[in-house]
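Colleague: Please take a close look at one strand of this model and the strands beside it, and then place that part among other local features of the chain. A connected account, suitable for a first-year student, would be most welcome.

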Amino acid sequence: MAEFVNTIPSVPRINPNAHLLLNPAGEMCSWVGNDVFALEGIQPDIIRELLTLIDGVRTLESIYVELANKYHRHYLQEILAALTQLHILEESLTTGVTPQNLGWKLPTVPDDIKQKAIAILGNHQLLDTLTQSFTDAGFENCRALNITDFASCKTPEFVNFQQERIIFNGSFTVTHNHLDAVTVAQLCEILAEFDFVVCALEGVPYQALFDVNQSALATGKPCLFVTASPDTALIGPTVIKGATACFGCRVVTLEAIPSVLKDILPHLSTPILSPTPPHPYTPTPFPSIAQACIEEAIAVLSTFTPTRATSVVKINRQGDRIVKRLFPSGECQECTPQLDAPLGVLERSAIAAAAEEIARIWPNPLQANIRPSADSYQTVGILGGGTAGYLTALAFRTFHPDIKVTLLESSAIPVIGVGEATTPELVKFLHSPRFLGLDIVDFYRRVAPTWKLGIKFQWGLPGDYDFTFPFQRGRLLESVLYDATLNNQSLGAMLMSSDRAPIFDRGDGKPLSLLHLVRWAYHLDNRRFIGYLKEEALASGIEHLDVQICDAQLAADGENITHLITDDGQKLTYDLYIDCSGFRSFLLEQKLGSKFVSYQDTLFTDQAIAATVPHNGTVKPYTLAETMNNGWCWNIPFEDADHRGYVFSSAFCSVEQAVAEMRAKNPGMSEPWVVKFRSGRHEHFWRGNVVAIGNSYGFVEPLESTALHMIVLELELLMNNLPASRRDEAIKSTLNRKINDRWDALRWFLGIHYKFNRRLSTPFWQAANKDTDISGAAERLALFQERAPLSYRNSLFYTVHPPEFFSDDHSYDTLLVGQQVHTRFVEPVEDAATWKRQMAILQGLANTAMSQHEALRCLRETRPDLLYDFAQRRDSWLHTWLPA
């Protein structure tokens with residue numbers, strides 16, 4: 001409890017944009033931003049009593065003293081800590097903001113509209129700031145209208161609801177002075193006097209803004225709506241009678257109102273700009289708000305081309321703008337089209353702008369939802385746990401929450417505690433809100449991953465030679481031509497070479513994170529990762545059965561499974577079966593007879609030994625691929641030890657020989673375990689009512705850490721294309737073709753690793769150089785030898801983006817250039833002098849990077865917010881599915 005008590009502000013004030021209310025069941029809930037939480041075990045009367053004392057002036061200690069005779073101090077601390085954690089309370093600051101023009105550049109108002117009548121409706125800082133800014137910009141007839149009370153918010157019904165259900169409502173409080181309460185009719189009279197209106201009311205019930213909206217629609221006066229919180233402002237729409245979206249359309253379409261609050265929305269207060277910023281040096285959005293409002297006034301009054309008639313602009317404290325398209329909504333109860341009435345110039349311009357926008361977006365590709373049919377998939381049975389099984393379960397829960405999912409596994413089958421290297425696609429799948437959206441800080445706490453910036457290959461040429469394959473793309477050709485190495489092609493590659501992480505020491509004790517810029521993946525302990533996935537799946541409502549499946553009954557057509565049979569005779573029936581049984585492929589291969597397509601002619605290895613090896617304390621930010629006599633050895637680094645594994649061909653070496661070679665290079669190696677595998681895929685990804693995910697469908701040896709990578713791609717395709725009806729067959733053959741093609745493409749990419757690796761000349765490598773089948777990559781290889789790098793020109797193998805990471809031209813370039821396959825280079829993009837200057841900048845930054853151990857400790861112990869920043873910022877690579 002102490003760690004939370006320490007976070008309570010010493011001089012607390014109530015967040016003016018927070019809400020505390022009672023739901024119909026009498027339970028207290030908080031609403032701040034997009035989050036709604038229930039507060040259990042706290043009586044509303046105690047909260048009301050506390051809130052009367054929290055005024056931004058009293059100290060925390062004085063509040064404890066005043067209530068000492070009624071409540072125990074520890075009990076008050078628990079309540080205040082909870083309110084602080086939910087951002088209901090915040091620290092009171094004393095640095096004010098001057099609500100005048102602070103010297104920012106304002107748009108120039110044309111002479112012909114300087115006399116136009118402008119009304120600014122407001123009640124707080126925005127009113128003063130906008131009035132002053134409009135005047136400074138050159139509008140000579142600008143009036144500030146301070147409106148604090150609205151008749152619709154003074155009715156007995158409205159007031160009673162507020163008193164019964166709402167404990168704290170942002171900055172809005174019910175007053176008892178009815179004299180100045182303005183009606184919609186009075187608002188219409190006021191608006192009729194002006195040529196342009198800005199509604200900048202703060203901290204009033206949404207009902208008040210709906211009143212202004214109705215008045216604008218009734219009078220036909222263009223009215224621009226502005227709402228602003230301490231972090232962001234929403235500007236728009238400009239309401240034009242009968243022609244464009246209104247404020248109600250914006251609320252329905254764009255406002256982040258939790259669904260549980262929409263019925264009481266008119267009673268809840270709108271945002272307010274905080275009287276003080278969070279920090280004296282924190283920028284305010286005032287300049288950008290004023291600039292955007294004046295720009296819109298000029299557009300409406302001078303050229304009759306309202307920009308905000310079809311859009312809303314979102315502005316943050318730094319002044320960054322994000323434009324969101326807005327059309328009239330059929331769900332809006334406020335406005336109706338009136339295009340049959342006589343139209344003026346402004347209305348016609350607004351309609352033309354909307355029509356132009358519609359014509360622009362309608363041809364764009366669509367992602368429409370498929371309406372479920374009466375015979376849609378209602379139940380799914382997942383055979384097998386592990387990463388494949390639990391990722392599949394979580395994917396169904398996220399993408400298709402109405403389907404009942406049951407996961408069947410036997411606790412008698414142990415989980416192997418091996419290290420697992422991954423690709424950035426897993427990071428996206430786990431944490432992106434487009435996919436599972438799992439909490440990233442919680443993930444680091446429970447799974448303890450390390451970072452992988454790419455793969456370091458001791459590969460290609462004899463002797464002391466290596467090259468890096470970073471996830472962050474860069475200037476590959478310049479690095480080779482000017483520095484005679486691939487290892488400077490990007491900041492990520494340079495960090496790999498220096499054993500550093502993308503967290504930097506700025507010199508002032510505050511770390512700089514570039515996690516959003518430098519692509520990375522995870523190194524995972526398999527046992528911890530599966531345990532985490534299992535806990536998340538069970539918490540999400542997935543049904544889990546600890547059973548041993550001994551058989552499955554085929555339907556009469558031989559193409560479907562009717563039910564599974566447990567070792568104690570139970571029959572388990574589902575609409576769809578997901579085979580996650582691993583290499584044995586129990587349903588797809590053993591029961592349905594899907595043919596296995598071997599990659600043996602390309603990938604000769606078929607066994608691996610794995611063990612842990614102590615390291616010197618350096619947690620390397622990459623997976624190592626080291627050439628061995630009969631294959632290669634991985635190194636997956638963790639904070640406590642390295643996980644090493646020797647992948648070899650049993651046709652060239654025995655297990656005993658492999659262990660001896662590995663021990664010779666890794667003193668202190670633990671007792672190894674052996675894994676046998678076959679590289680290839682099945683003919684079907686989906687057959688009948690069985691889909692195979694992971695090793696039960698296909699597996700290739702782990703040279704590029706593709707096991708989880710391919711599971712993610714398979715799930716993404718399945719979740720986005722699950723048919724609406726169990727009768728649908730065409731989608732199955734289409735997905736079979738797409739998945740087969742992706743696995744075959746991976747086969748050819750891995751093949752070039754073996755075909756051109758001349759580091760050793762053992763019998764295994766001689767055979768690999770001579771006999772490895774890379775026929776599927778022959779066309780791309782021939783083109784590379786004529787003009788490399790392939791990635792320096794438009795691709796001939798995909799239109800815009802590759803289907804996935806390892807089909808990318810840049811990936812081929814890195815492996816072929818890294819192994820020094822003969823080619824003719826195209827002209828570099830950068831000249832040598834420019835390259836040297838840019839390299840100096842990157843190297844200077846890389847020199848300040850933390851080691852991985854330091855960086856992970858920093859994020860876990862003091863700055864977990866940097867992980868949230870990576871997951872939430874719009875420019876993070878987490879939100880792009882394909883390679884950048």
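**A strand and its surroundings**

Modeller: Cys 633 stands opposite Tyr 646 in strand S32. This pair of residues is a convenient place to begin, and it should be said at once that the model is a predicted one. Strand S32 covers residues 642-648, and Cys 633 falls within its partner, strand S31, which covers residues 631-637. The two strands, S31 and S32, run antiparallel and are joined by 7 bridges. Together S31 and S32 form a hairpin, with 4 residues between them.

Strand S32 also pairs with strand S29, which comprises residues 607-613. Here too the sense is antiparallel, and the pairing of S29 with S32 extends over 7 bridges. Within this pairing, Val 613 stands opposite Asp 642 in S32.

How many of the residues of S32 are buried? The count is 7 of the 7, so the strand is largely enclosed by the rest of the structure. A residue is called buried here when its relative accessible area is under 20%. In a regular strand, side chains alternate between the two faces of the sheet. The burial of S32 can be followed face by face: one side carries Asp 642, Arg 644, Tyr 646 and Phe 648, while His 643, Gly 645 and Val 647 belong to the other side. Both faces are covered, since each of these residues is buried. Tyr 646, the residue opposite Cys 633, is therefore among the buried residues of S32.

A second strand invites the same reading. Strand S27, residues 576-579, is likewise covered on both faces. Leu 576 and Ile 578 are buried on one side, and Tyr 577 and Asp 579 are buried on the other. The pairing of S27, however, is in the parallel sense: strand S14 (residues 379-383) pairs with S27 over 4 bridges, and strand S36 (residues 690-692) pairs with S27 over 3 bridges, also in the parallel sense. Tyr 577 takes part in both descriptions, for Gly 381 stands opposite Tyr 577, and Tyr 577 stands opposite Val 690 in S36.

The helices may be considered next. Two packed helices are described by the angle between their axes and the distance between the axes. Helix H5 (residues 125-137) and helix H10 (residues 286-302) pack at an angle of about 55°, with their axes 10 Å apart. H5 and H10 are therefore oblique to each other, and H5 passes H10 in a right-handed crossing. The residues that meet include Leu 126, Leu 130 and Phe 134 from H5, and Phe 286, Ile 289 and Ile 294 from H10. By class, this contact of H5 with H10 has 10 nonpolar, 3 polar and no charged residues.

Helix H20 (residues 707-720) and helix H21 (residues 730-755) provide another case: they pack at about 160°, with their axes 11 Å apart. That angle makes H20 roughly antiparallel to H21, because angles over 145 degrees are counted in that way. The crossing of H20 and H21 is again described as right-handed. Met 710, Leu 713, Glu 714 and Leu 717 of H20 meet residues of H21, among them Lys 738, Arg 742 and Trp 743. The contact of H20 with H21 contains 7 nonpolar and 3 charged residues, and no polar ones.

Some details of the backbone complete the account. Phe 304, in the loop between H10 and strand S12 (311-316), has a positive phi of about 55° although it is not a glycine. With a relative accessible area of 34%, Phe 304 is partly exposed. Ala 484 also has a positive phi of about 55° without being a glycine, and this residue lies in the loop between helix H15 (476-483) and helix H16 (491-497). Is Ala 484 buried or exposed? Its relative accessibility is 71%, and Ala 484 therefore counts as exposed.

Two peptide bonds deserve mention as well. Gly 236 and Pro 237 are joined by a cis peptide bond with omega at about 0°, and Pro 237 lies in strand S11 (residues 232-239). The bond from Ala 788 to Pro 789 is cis, with omega near -5°. Pro 789 is found in the loop between helix H23 (778-786) and helix H24 (809-818).

Key
Residues numbered from 1 in each chain as written. Predicted model: local features only at pLDDT ≥ 70, side-chain atom pairs only at ≥ 80, totals over all residues. Heavy atoms only, no water. Axes fitted to C-alpha atoms, helices over the stretch in contact; angles between N-to-C directions. Parallel < 35°, antiparallel > 145°, perpendicular 65-115°, else oblique. Left-handed = near helix turned anticlockwise from the far one by under 90°. Contact = heavy atoms within 4.5 Å. Nonpolar A, V, L, I, M, F, W, Y, C, P; charged D, E, K, R; others polar. Buried < 20%, exposed > 50% of the residue type's maximum accessible area, 1.4 Å probe, protein only. Pairing = 2+ DSSP bridges.
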